[in-house]
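Let's take a walk through this protein chain, starting with the whole and then stopping at a few spots along the way. Keep the viewer open as you read.

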Amino acid sequence: MLDRRLERLERELMLVARCSVLTPRERKVQATEAHEAEPQKPSTKSDARTDTGKDAHPDTRAEARTAPPTNLGAESCTPTRLDRSGYLLLSRLDAEGAMSIGQLADAFQLDVSTVNRQTGALLRAGLVQRIADPDGGLARKLRITPQGVDRMAAERTCRQTDLSRLLESWPSEEVARLEDVLTRFNREVERQEGRAWPRETGDV
């Protein structure tokens with residue numbers, strides 16, 4: 001069942017998890033490019049603590065870090081799994097290309113400081129890298145690394161394998177209906193928020 005429809009279904013389930021309609025948050029007004037252009041302080045133990053505030057999205061339970069594998073029993077999965085926030089951030093960078101901290105904060109409706117913490121873990125793990133803005137802007141951008149692409153792809157395979165197992169008894173038309181409804185829901189959220197997720201041309 002690892003086909004194109006399953007790939008789209010897994011993506012839409014991922015996007016439901018980041019839906020701000022279901023988890024409303026208040027953003028600080030200071031989420032600007034000027035903020036991210038300031039020199040970053042060296043990371044401390046306090047920077048690595050779990051963020052339990054309202055704005056700790058995409059993953060309200062933890063920062064973007066690698067997490068122990070969940071008890072899913074998928075033999076093809078990697079020894080360590082990406083947590084939800086790390087997977088979302090890597091997926092967005094992979095889909096859209098290099099983005100600044102401010103652009104990511106806007107895409108996920110987060111405070112800049114939250115995105116700084118979440119992407120900091122990805123930087124330390126070598127899954128993303130900072131680059132000069134290809135368009136000549138002052139703010140540096142984040143780009144997914146080849147290692148990040150591999151980790152994201154491995155996580156996606158795990159998720160799709162688990163999803164295939166979960167839906168193995170479902171008729172194909174019901175799986176198709178589920179994917180269509182989720183896609184419609186996500187697109188409506190994106191339309192109301194004015195923040196469309198980059199999808200491939202031809203995706204329904």
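**A walk through the chain**

The protein chain has an accessible surface of about 11300 Å², and 52% of that belongs to carbon and sulfur atoms. Keep in mind that this is a predicted model. Of its 204 residues, 43% count as buried. The secondary structure adds up to 7 helices and 5 strands. Read from the N terminus, the order is α-α-β-β-α-β-α-α-β-β-α-α. Contacts between residues 24 or more positions apart make up 67% of those with a separation of 6 or more.

Now zoom in on helix α3, residues 84-96. With 13 residues at 1.5 Å a residue, α3 should span 18 Å, and its end C-alpha atoms are indeed 18 Å apart, so the two values agree. Click along α3 and you'll pass a run of buried residues: Ser85, Gly86, Tyr87, Leu88, Leu89, Leu90, Ser91, Arg92 and Leu93. Just past the end of α3 sits Gly97, with a positive phi of about 95 degrees.

What does α3 meet in α5? Ser85, Gly86, Leu89 and Leu90 of α3 are in contact with Gln118, Thr119 and Leu122 of α5. Sorted by type, the residues of this contact are 3 nonpolar, 4 polar and no charged. There's a handy bit of helix geometry to recall here: an α-helix has 3.6 residues a turn, so residues three or four places apart point the same way. As for how the two helices are arranged, the axes of α3 and α5 (residues 112-124) come within 10 Å and cross at roughly 80 degrees. Angles of 65 to 115 degrees count as roughly perpendicular, and α3 and α5 therefore fall into that class.

Next up is α4, residues 101-108. Here 6 of the 8 residues are buried, so α4 is largely enclosed by the rest of the structure. The buried ones are Ile101, Gly102, Leu104, Ala105, Ala107 and Phe108. Step just beyond α4 and you land on Gln109, which has a positive phi of about 55 degrees. Most residues other than glycine have a negative phi, yet Gln109 takes a positive one without being a glycine. You'll find Gln109 in the loop between α4 and α5.

Let's jump back to helix α1, residues 4-17, which holds Glu10. Is Glu10 buried or exposed? Its relative accessible area is 5%, and buried means under 20%, so Glu10 counts as buried. Leaving out residues up to four places away in sequence, Glu10 touches Tyr87, Arg156, Arg159, Gln160 and Leu163. One of these partners, Tyr87, is among the buried residues of α3 that we passed earlier. To get a feel for the distances along the chain, compare Glu10 with Asp162: they are 152 residues apart in sequence, but their C-alpha atoms are 10.0 Å apart in space.

Our last stop is Gly126, in the loop between α5 and β4 (128-131). With a relative accessible area of 25%, Gly126 is partly exposed. Which residues does Gly126 contact, apart from its neighbours within four places in sequence? They are Thr145, Gln147 and Gly148. In that part of the chain you'll also see Pro146, which is 20 residues from Gly126 along the chain, with 9.1 Å between their C-alpha atoms.

Terms used. Residues numbered from 1 in each chain as written. Predicted model: local features only at pLDDT ≥ 70, side-chain atom pairs only at ≥ 80, totals over all residues. Heavy atoms only, no water. Helix = DSSP H or I, 4+ residues; strand = E, 2+ residues; numbered from the N terminus. Expected span 1.5 Å × (residues − 1). Buried < 20%, exposed > 50% of the residue type's maximum accessible area, 1.4 Å probe, protein only. Contact = heavy atoms within 4.5 Å. Areas by Shrake-Rupley, 256 points an atom, 1.4 Å probe, with all protein chains shown as cover. Axes fitted to C-alpha atoms, helices over the stretch in contact; angles between N-to-C directions. Parallel < 35°, antiparallel > 145°, perpendicular 65-115°, else oblique. Nonpolar A, V, L, I, M, F, W, Y, C, P; charged D, E, K, R; others polar.
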